[in-house]
Amino acid sequence: MRSLRFISAEALVSHPQVAKQSLDGVAHNLYPLLFKASYLLEQAEVIRTLLERWPLEEFWLSALLGPRSEPPEDLRDRACRACLEACVQGLADHVLRAGGPRRLRVADLTGIRDVQVQQCPCGRALGRWGRTELLARTCCRLQAEPLVAQRPIQVLADLFVTEGNFKVVVQALGPSGPAPLRVHCLSFRADSLGPSQLLHVLRLAGPGELRRLEVVHNVRLHAGHVQQLLAQVGFPQLASLTLPAKAFDAPPTSTPTPDGEDPLLTSIAWELSQMTQLTELSVAFSTLTGKIRKLLGPLRTPLRVLDLANCSLNHADMAFLADCAHSMCLEVLDLSGHSLFSLFPSTFFRLLGRAAQTLRILTLEECSIEDSHVSMLILALSPCHELCELRFLGNPLSARALRRLFTALCELPKLRCVEFPVPKDCYPEGTAYPQDELAMSKFDQQKYNVIAEDLRAVLLRAGRGDIQVCTPLFGSFDPDIQETSNELGAFLLQAFKTALENFSRALEQM
């Protein structure tokens, strides 16, 4: 229920001209209330004026939009383009405004959650890449202004850098002269960059303050690059690290050592061990056969999030995971791409038993889980009472096996989301697993709908209508990929063209 104060604030900001003229008579402690009312009603003009005249020393966007501010409605999943552009424009106006020293010292623009369906009236989102470019261009524009020297405003931001905005971000982070806005990066995502570009921009981004680093998709790194990145740049406060596919492959010019040791992996593991805040590690699609003990053993802090999807783990790796200190602290675990029940049934069972008190999200996609394995899976999941999300797409399970599994899942009290595969009954007989995208999409939709409704009925009869079930064939929504899909497509086409040219050149030489 909204308070009379907030209803009054909504009434005021609903008339932008009146609101702007009235700000001189508004108490400073009411500015946050007016800001949230303006954001809720998408009054971009008022938002810009509020930021221009912001009378407080701090502006914390996430706190202003979150449930702890009045009213307790969480607006952080509204990445509204009009409102966020108004925030940054208002910040620039605050810098340019004449008359006395600025009170604003810190502007925290982090904490916005990018979702698939926008709830704001306009329905137009400004994603992380767009927010990065907007902030960078604003910083560059202000660097060119002839301003009176004052203490710069610290701007805390989550940055997403690709080839498309690399130059402007570098200019914003490393100004050649005075900069009224100083960007401090807390979270950094990189895609479609070369290794040297990545190193350069990370050095400028202030790695000493960085909490989250995601290097994904089209950043082609090998183990030599990763070692150089961790050793030369350094990330003492890093809590979360994501590395791209094949990041632990040996450099092309490396030669195996006589004793079979991997000095690069040893160095990388040592650098990771120096990150005393590290609790999240994602190294999916890297070949780590027999290397998990060496990589994770030296870590000083137990991991809460671990992604080892498609890492070609062997018995020794799974045995280490099942018995190490990390297993008792894991909240998010991804072991997709491993035949867990065919190759490691006992160690996987032991791993889930040790993680049961903390595990919230478990992903087991394309793990060759068949009907004969369902009893073992049910037994392994039974102690996981904290489990909230279970994903097991791409496994050859029949409708009958899924019904058994869903009946058992009803006993997990905190389970809220299940992503299940298209039952193999819906595919032509003899369909091979794992499937490619074309084969995956060729199933009997009508038959699937009947089975899906039957599975939902199983949940409803058990009083578990709170569990949401779905089958996202091609993966869950990724706002960052969605936003930069055109650029990524162009990058892949260029990479394919380069590969063809190299192949043609090699043929000519032969």
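Two strands are taken to pair if DSSP finds at least two bridges between them. In this predicted model, strand 3 (residues 153-161) and strand 4 (residues 181-190) satisfy that criterion, pairing in the parallel sense over 9 bridges. Within this pairing, Gln154 lies opposite Arg182 of strand 4. The connection between the two strands runs through helix 8 (residues 166-173), and the resulting β-α-β crossover is right-handed.

Strand 4 also pairs with strand 5 (residues 212-215), again in the parallel sense, over 4 bridges. Here Ser187 has Arg212 of strand 5 as its bridge partner. A right-handed β-α-β unit is formed by strand 4, helix 9 (residues 195-204) and strand 5. Strand 4, which pairs with strand 3 and with strand 5, is mostly covered, with 8 of its 10 residues buried.

Helix 10 (residues 223-233) contributes the buried residues Ala223, Gly224, Val226, Leu229, Leu230 and Val233. The elements that cover these residues include helix 9, strand 5 and helix 11 (263-273); helix 9 and strand 5 are also parts of the right-handed unit described above. Gly234 follows helix 10 and has a positive phi, near 80°.

In another part of the sequence, the buried residues of helix 4 (residues 44-52) are Val46, Ile47, Thr49, Leu50 and Leu51. Their cover includes helix 1 (4-13), helix 2 (16-22) and helix 3 (31-40), together with strand 1 (58-60) and helix 6 (81-96).

Note on methods:
Residues are numbered from 1 along each chain as its sequence is written. This is a predicted model: local features need pLDDT of at least 70, side-chain atom pairs count only at pLDDT 80 or more; totals for chains, interfaces and linings use all residues. Side-chain values use heavy atoms; hydrogens and water are left out. Buried means under 20% relative accessible area, exposed over 50%, partly exposed in between (1.4 Å probe, protein chains only). Contact means heavy atoms within 4.5 Å. A crossover is right-handed if, with the strands pointing away from the viewer, the path from the first strand over the helix to the second runs clockwise.
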